[in-house]
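Thanks for making time this morning. I would like to walk you through one structure, and I will start with a working definition before turning to the helices, the empty spaces and some backbone details.

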Amino acid sequence: MATDGAVPGPAASKWNRLTFDTEEDVAVSLAKYTAELSAKFAAERGAFTAVLSGGTLIETLRKLAEPPYLETVDWSKWHVFWVDERVVPKDHVDSNYKLAVDGLLSKVPIPTGQVYAINDTLSAEGAAADYETVLKKLVKDGVLAMSTETGFPRFDLMLLGMGPDGHLASLFPGHPLLNENKKWVTHIMDSPKPPPQRITFTFPVIKSSAYVAMVVTGPGEAGTVKRALSDEKTSPLLPVEMTILQDGEFTWFTDKQAVSML
């Protein structure tokens, strides 16, 4: 069972919240939501650009690899990206690519050439620049939309998680990268959470999305969820609190444990 509602406070018009009894219920709803957006954008644009993150998100997406979605989703239209990636080999235990392949992508028939991993032979700076070049070519080819409002790429759906410190992607509280407003993809050499070298989408790209699902389950982030969703704002804002989309729909998918402190 879900309870919905606009989030109070300054983000009220921009954030929706769905709260479910259990993580299993979140997984069921998230698969349905993702499949519906896949069908919508495949029909409208002939492509569906989906951005993944790491952490527990991939496990919560597990229902997509099961009936009915395994058969009914048009996987040939999917183009898959990462909102951030650790600069490690693709078969490394810390790789978000490996996490997603093992947990989801190896179980669904997305064409291999439409899964965009980082070039793991490059430095962090080189990998970020290379990934941005890949995105710009996909814009030119008509696969990736552009936001007319912001001039940044407009991904159809970003499926994101949040850390206990309120970080998303590899955008951490108090870090200078929060202010990057020119690049599409940048690199970080001193991530406060290991491994230290990563690439990440920048805030303008995340904020230009058509849809964002913020998926938080379990008690581990309950204090941060309380801070993010409460009426009372304390400064400085957490990265997740700064994620107000320019012209898109941001939905929290939470279970009761995640909102237990609200």
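When I say buried, I mean a residue with under 20% relative accessible area, and when I say exposed, I mean one over 50%. Please also keep in mind that what you have in front of you is a predicted model.

Let me begin with helix H5, where Ala-124, Ala-127, Ala-128, Tyr-131, Glu-132, Leu-135 and Leu-138 are buried. These residues cover an arc of only 135 degrees around the axis, and therefore they sit on the same side of H5. What do the buried residues of H5 pack against? They pack against strand S4, residues 78-82, strand S9, residues 185-188, and strand S10, residues 198-201. On the face of H5 turned away from that buried side, we find the exposed residues Glu-125, Thr-133, Lys-137 and Lys-140. As for its length, H5 runs over residues 124-140, and its 17 residues, at 1.5 Å a residue, should span 24 Å, which agrees with the 25 Å between its end C-alpha atoms. Just after H5 comes Gly-142, with a positive phi of about 85 degrees.

Helix H1, residues 23-45, can be checked by that kind of reasoning: 23 residues at 1.5 Å each should span 33 Å, and the end C-alpha atoms are 32 Å apart, which agrees. Its buried residues include Val-26, Leu-30, Tyr-33, Leu-37 and Phe-41. Just after H1, Gly-46 takes a positive phi of about 80 degrees.

To return to strand S9, one residue found there is Thr-186, which counts as buried because its relative accessibility is 3%. Leaving aside residues up to four places away in sequence, Thr-186 touches Ala-128, Leu-177, Arg-198, Ile-199, Thr-200 and Thr-202.

Now to the empty spaces. The largest pocket has a volume of about 340 Å³, and of the 20 residues that line this pocket, the closest to its centre are Gly-54, Gly-55, Gly-161, Met-162 and Lys-193. Strand S5, residues 84-86, and strand S11, residues 211-216, each supply at least two residues of that lining, which by class has 6 nonpolar, 9 polar and 5 charged residues. The structure also holds 1 cavity of 30 Å³ or more, and the largest cavity contains about 30 Å³ of space. Among the residues lining the largest cavity are Glu-85, Arg-86, Tyr-97 and Ile-118, and the lining divides into 4 nonpolar, 1 polar and 3 charged residues.

I will finish with the loops and the backbone. Most residues other than glycine have a negative phi, and most peptide bonds are trans. Where, then, is the peptide bond cis, with omega near -5 degrees? One such bond runs from Pro-194 to Pro-195, with Pro-195 in the loop between S9 and S10, and another runs from Ser-235 to Pro-236, with Pro-236 in the loop between helix H7, residues 222-229, and strand S12, residues 249-255. Ala-169, in the loop between strands S8 and S9, has a positive phi near 50 degrees although this residue is not a glycine, and at 10% relative accessibility Ala-169 counts as buried. Gly-174 also has its place in the loop between S8 and S9, but Gly-174 is exposed, with a relative accessible area of 74%.

Definitions and conventions: Residues are numbered from 1 along each chain as its sequence is written. This is a predicted model: local features need pLDDT of at least 70, side-chain atom pairs count only at pLDDT 80 or more; totals for chains, interfaces and linings use all residues. Side-chain values use heavy atoms; hydrogens and water are left out. On a 1 Å grid over the protein atoms alone, a cavity is a set of points where a 1.4 Å probe fits but cannot get out, and a pocket is an open set with protein on both sides within 12 Å along at least five of seven lines; lining residues have an atom within 4 Å of a point. Grid points are joined across faces, edges and corners, and a volume is the space filled by probe spheres set on the points. Helices (H or I, at least four residues) and strands (E, at least two) are DSSP runs, numbered from the N terminus. Ala, Val, Leu, Ile, Met, Phe, Trp, Tyr, Cys and Pro count as nonpolar, Asp, Glu, Lys and Arg as charged, and the others, Gly among them, as polar. The expected span of a helix is 1.5 Å times one less than its number of residues. Buried means under 20% relative accessible area, exposed over 50%, partly exposed in between (1.4 Å probe, protein chains only). The arc is that of the directions from the helix axis to the C-beta atoms. Contact means heavy atoms within 4.5 Å.
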